[in-house]
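This report covers secondary structure, burial and surface in one chain. The sequence and model come first.

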Amino acid sequence: GEQLRATSNLAALISGFAVVALVEFQFSDPTSTPDQSEILIVAYAATTAITVVMMLNSMVLCSFMLSNILRNGKSYVSE
């Protein structure tokens, strides 16, 4: 249970850092052509979006698994 909670918190933290990194990243390079700069921005935004989606998916899955374990776990434990 504690590992799922920690994994969920870690996934939320990583996706938050990925969004902040996308916002704060400086794309201006005076030596590159505008086409290369646009391709870099699109590639970076796509990988950041994939990272955020996968981390949020992990967070939601861990939360659902934790709630299911807490709700149904009593039937599997012999007291």
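## Burial, helices and surface

Buried residues, meaning those under 20% relative accessible area (exposed is over 50%, partly exposed in between; 1.4 Å probe, protein chains only), make up 15% of the 79 residues in the chain. The model is predicted: local features need pLDDT of at least 70 and side-chain atom pairs count only at pLDDT 80 or more, while totals for chains, interfaces and linings use all residues. Residues are numbered from 1 along each chain as its sequence is written, and side-chain values use heavy atoms, with hydrogens and water left out.

The chain has 2 helices and 0 strands, taken as DSSP runs numbered from the N terminus (helices H or I, at least four residues; strands E, at least two). Helix α1 covers residues 2-24, and its end C-alpha atoms are 33 Å apart, which agrees with the 33 Å that its 23 residues should span at 1.5 Å a residue; the expected span is 1.5 Å times one less than the number of residues. Leu-4, Ser-8, Ala-11, Ser-15 and Ala-18 of α1 are buried.

Two residues, one from each helix, are set out below.

| Residue | Helix | Relative accessible area |
|---|---|---|
| Thr-48 | α2 (residues 34-72) | 7%, buried |
| Leu-13 | α1 | 47%, partly exposed |

Beyond its neighbours within four places in sequence, Thr-48 is in contact (heavy atoms within 4.5 Å) with Ala-18, Val-19 and Leu-22. Among contacts in the chain between residues at least 6 apart in sequence, 76% join residues at least 24 apart.

The accessible surface of the chain (Shrake-Rupley method, 1.4 Å probe) is about 6100 Å², and carbon and sulfur atoms hold 68% of that surface.
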